[in-house]
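Here's a quick tour of one protein chain. Have a look at the model first, then read on.

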Amino acid sequence: MGLCGVEINMATVLIAGIALGIAVDDTIHYMARAQIEFPQSAGYDDAMYRVLRSAGRAIVFTSVVITLGFSCLLYTSPSPRDH
């Protein structure tokens, strides 16, 4: 962020932490489902299809909901102490 000229402040640190948390959560969800689907599948392609059909929907849904929930922070004004 510093190399791209983005100011590092409380908001950007919060957003970075949230984004990292979503990525970790989605990865755990995907990997846990993959461990279930691989032994039951005919091959790699079939397993990936089944993982994406089941966990993929949940990953997209939770990511969209969390993003929309935190997007309300875009419309808040900073407190006078932040200046």
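## A buried aspartate and an exposed patch

Asp26 sits in helix 1, helices being DSSP runs of H or I with at least four residues, and strands E runs of at least two, numbered from the N terminus. This is a predicted model, where local features need pLDDT of at least 70, side-chain atom pairs count only at pLDDT 80 or more, and totals for chains, interfaces and linings use all residues. Residues are numbered from 1 along each chain as its sequence is written, and side-chain values use heavy atoms, without hydrogens and water.

Asp26 is buried (under 20% relative accessible area, 1.4 Å probe, protein chains only) but has no salt bridge, meaning a side-chain nitrogen of Lys or Arg within 4 Å of a carboxyl oxygen of Asp or Glu. Its nearest side chain of opposite charge is Arg33, 14 Å away. Beyond neighbours within four places in sequence, Asp26 has contacts (heavy atoms within 4.5 Å) with Ile59, Thr62 and Ser63.

Now for the other end of the burial scale. Ile8, in the segment before helix 1 (10-40), is exposed (over 50%), with a relative accessible area of 56%. Ile8 joins Met1, Val6 and Val13 in a nonpolar surface patch of about 360 Å² accessible area together.

And the chain as a whole:

| Feature | Value |
|---|---|
| Helices and strands | 2 helices, 0 strands |
| C-alpha box along the principal axes | roughly 60 × 25 × 15 Å |
| Buried residues | 16% of 83 residues |

Notes
Patch = residues over 30% accessible without salt bridge, like charges linked within 9 Å, V, L, I, M, F, W, Y side chains within 5 Å. Areas by Shrake-Rupley, 256 points an atom, 1.4 Å probe, with all protein chains shown as cover. Lys, Arg positive; Asp, Glu negative; His and termini not counted.
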